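The following exercises are to be worked with the sequence and the coordinates at hand. Each task is followed by a solution in steps.

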Amino acid sequence: MKVEIVIEPGAAEPKLVLHTDAMTPELAKLVSRLSDNLPEVIIGYIENEAFLLDRADIQQIYAQEQRVFAKSGNREYRLKSRLYELEEQLAGTTFVRISNSEIANFSKVASMDMGLSGTITLRFKNGETTYVSRRYVEKIKQYLGL
């Protein structure tokens, strides 16, 4: 795919024009991602009370016992979305899938231990740790440019 950016000093807002001979599922997905305004909040629940969680405050999102939770601060919130839906919604942000059951917010990561066994241990700024499964190590390295 060729990409061309033209700077126009008088342009009121950015405009994207895509020239193609046919619409493909990949292009439809790209158009959808570019045109969507990602909500800055995710709705989390504790019992029957709903909370508006700022995406920037969420440390990690994980699945446990067929439910999805978000950890923000020292609290855990139940989410109604599925993990794969959240992964798609948060694509292109600082949230990255690190295992089949977890998405981590890399803006909350303080350090990484690149173990000799080929695994990565993430240490969050609050001192908690989690692990990148071997299946996702290469994806994390690409995300970090390693």
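**Exercise 1. Pairing around strand β7**

Task: In this predicted model, determine how strand β6 (residues 95-99) is joined to β7 and by how many bridges.

Solution.
Step 1. Strand β6 runs antiparallel to β7, and 4 bridges join the two.
Step 2. One residue pair illustrates the register: Val-96 has Ala-104 as its bridge partner in β7.
Step 3. The connection between β6 and β7 is a hairpin through 2 residues.
Step 4. Strand β7 also pairs with β3, in the antiparallel sense, over 3 bridges. Here Ile-61 has Ile-103 in β7 as its bridge partner.
Step 5. Strand β7 (residues 102-105) is covered on both faces: Glu-102 and Ala-104 are buried on one side, and Ile-103 and Asn-105 are buried on the other.

**Exercise 2. Gln-60, a polar residue**

Task: Decide whether Gln-60 is buried or exposed, and identify the side chains with which its own side chain makes polar contacts.

Solution.
Step 1. Gln-60 belongs to strand β3.
Step 2. The cut-off for a buried residue is under 20% relative accessible area. Gln-60 has 8% relative accessibility, so it counts as buried.
Step 3. The side chain of Gln-60 makes a polar contact of 2.6 Å with the side chain of Gln-59. A further polar contact, of 2.5 Å, joins the side chain of Gln-60 to that of Glu-102.
Step 4. With residues up to four places away in sequence set aside, Gln-60 touches Phe-69, Ala-70, Lys-71, Glu-102, Ile-103, Ala-104, Phe-124, Glu-128 and Thr-130.

**Exercise 3. The nonpolar cores**

Task: State which residues of the largest nonpolar core touch the most other members, and which elements each supply at least two residues of this core.

Solution.
Step 1. The largest nonpolar core has 14 residues; Leu-53, Ile-58, Ile-61, Leu-79 and Leu-86 touch the most other members.
Step 2. At least two residues of this core come from each of β2 (49-54), β3 (58-64), β4 (67-72), β5 (75-79) and α2 (83-89).
Step 3. Consider Ile-61, leaving aside neighbours within four places in sequence. Its contacts include Val-68, Phe-69, Ala-70, Leu-79, Leu-83, Leu-86 and Leu-90. Phe-95, Ser-101, Glu-102 and Ile-103 are also in contact with Ile-61.
Step 4. Another core, of 12 residues, lies apart from the largest one; among its members are Ile-98, Val-109, Ile-120 and Val-137.
Step 5. A general tendency may be recalled here: in soluble globular proteins, nonpolar side chains tend to be buried together.

**Exercise 4. The loop between β3 and β4**

Task: Establish the sign of phi at Glu-65 and Gln-66, and decide whether these residues are buried or exposed.

Solution.
Step 1. Glu-65 lies in the loop between β3 and β4, and Gln-66 is found in that loop as well.
Step 2. Although not a glycine, Glu-65 has a positive phi of about 50°. Gln-66, also not a glycine, has a positive phi of about 60°.
Step 3. A residue is exposed at over 50% relative accessible area. Glu-65 has 73% relative accessibility and therefore counts as exposed. Gln-66, at 83%, likewise counts as exposed.

**Exercise 5. A sheet and the helix packed on it**

Task: Give the strand order of the open sheet of 3 strands, and explain why the buried residues of α3 line one face of the helix.

Solution.
Step 1. The order is β8-β9-β10, with antiparallel pairing. The edge strands β8 (109-114) and β10 (129-132) each pair on one side only.
Step 2. From one strand to the next, the twist averages 25°.
Step 3. Strand β9 (residues 120-124) is joined to β10 by 4 bridges, and Thr-121 has Tyr-131 in β10 as its bridge partner.
Step 4. Helix α3 (residues 134-144) packs on the sheet and touches β8, β9 and β10; the direction of α3 makes about 100° with that of β10.
Step 5. Tyr-136, Val-137 and Ile-140 are buried in α3. Seen down the helix axis, the buried residues of α3 fall within an arc of 125°, so they line one face.
Step 6. Arg-135, Glu-138 and Gln-142 are exposed on the other side of α3. The cover over the buried residues of α3 includes β6, β9 and β10.
Step 7. Just after α3, Gly-145 takes a positive phi of about 75°.

Note on methods:
Residues numbered from 1 in each chain as written. Predicted model: local features only at pLDDT ≥ 70, side-chain atom pairs only at ≥ 80, totals over all residues. Heavy atoms only, no water. Core = buried A, V, L, I, M, F, W, Y, C linked by side-chain atoms within 4.5 Å. Buried < 20%, exposed > 50% of the residue type's maximum accessible area, 1.4 Å probe, protein only. Contact = heavy atoms within 4.5 Å. Polar contact = N/O pair within 3.5 Å; in protein donor to acceptor, adjacent residues only side chain to side chain. Pairing = 2+ DSSP bridges. Axes fitted to C-alpha atoms, helices over the stretch in contact; angles between N-to-C directions. Arc of directions from axis to C-beta.
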